[in-house]
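Dear colleague,

I am passing on the structure below, together with notes on what was found in it. Please read the notes with the structure open beside them.

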Amino acid sequence: MPRFTSLILAACVFLAACGPDDRVSRGAVLYSENCAICHGGDLRGGGGIGVVGLNKVPPDLTTLAVRSGGNFPRGKVLALLDDYAAGSQPGRLMRPFAHLTSQDSKRIKTEAGRARVPAPQAALLAYLEASQLP
């Protein structure tokens with residue numbers, strides 16, 4: 001069964017790379033593999049049941065823009081992803097993102113200007129931004 005799941009995910013990634021919204025599609029796959037267990041399949045923070053050490057409800061990721069005055073906080077989200085990738089979020093229980101780094105990077109526009117971001121993190125950012133509630 002795990003092999004079948006891996007084949008399905010690989011097919012999704014391949015198909016996602018073929019379409020115009022490939023970064024968002026790849027981000028959706030990365031989210032389902034890395035984040036949905038706690039933040040829920042719908043990004044609303046409904047997951048985490050049975051996760052050892054999780055003692056608070058993960059935040060709703062569909063309201064990041066609303067909570068930031070109506071603008072999606074790209075820089076803040078990228079900084080959090082980068083901090084988790086580096087393992088520098090003491091006291092927070094979240095899956096490490098070190099495996100979401102790569103030599104392939106994308107240029108992303110943030111509030112502070114442009115930044116080079118590992119491609120997997122750029123894809124996850126695109127998916128989160130596309131999933132914001134109005």
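To begin with one residue, R107 has a relative accessible area of 48% and is therefore partly exposed, where buried means under 20%, exposed over 50% and partly exposed in between, with a 1.4 Å probe and protein chains only. This is a predicted model, in which local features need pLDDT of at least 70 and side-chain atom pairs count only at pLDDT 80 or more, while totals for chains, interfaces and linings use all residues. Residues are numbered from 1 along each chain as its sequence is written, and side-chain values use heavy atoms, with hydrogens and water left out.

R107 lies in strand β1, and its C-alpha atom is separated by 9.0 Å from that of A119, 12 residues apart along the chain. Strand β1 also holds K109, which counts as exposed because its relative accessibility is 53%.

Together with R114 and R116, the residues R107 and K109 form a positive surface patch (patch residues have over 30% relative accessible area and no salt bridge, and like charges are joined within 9 Å; a salt bridge is a side-chain nitrogen of Lys or Arg within 4 Å of a carboxyl oxygen of Asp or Glu). The elements that give two or more residues to this positive patch are β1 (105–110) and β2 (113–118), strands being DSSP runs of E with at least two residues and helices runs of H or I with at least four.

Turning to the interior, the largest nonpolar core has 21 residues, and Y31, F72, V77, L124 and L128 have the most contacts inside it (such a core is a set of buried Ala, Val, Leu, Ile, Met, Phe, Trp, Tyr and Cys residues joined through side-chain atoms within 4.5 Å). At least two residues of this core come from each of α2 (22–34), α4 (64–67), α5 (74–86) and α6 (119–130), and α6 gives the most, with 6 residues.

With best regards

Note on methods:
Patch = residues over 30% accessible without salt bridge, like charges linked within 9 Å, V, L, I, M, F, W, Y side chains within 5 Å. Areas by Shrake-Rupley, 256 points an atom, 1.4 Å probe, with all protein chains shown as cover. Lys, Arg positive; Asp, Glu negative; His and termini not counted. Charge placed at Lys NZ, Arg CZ, Asp CG, Glu CD.
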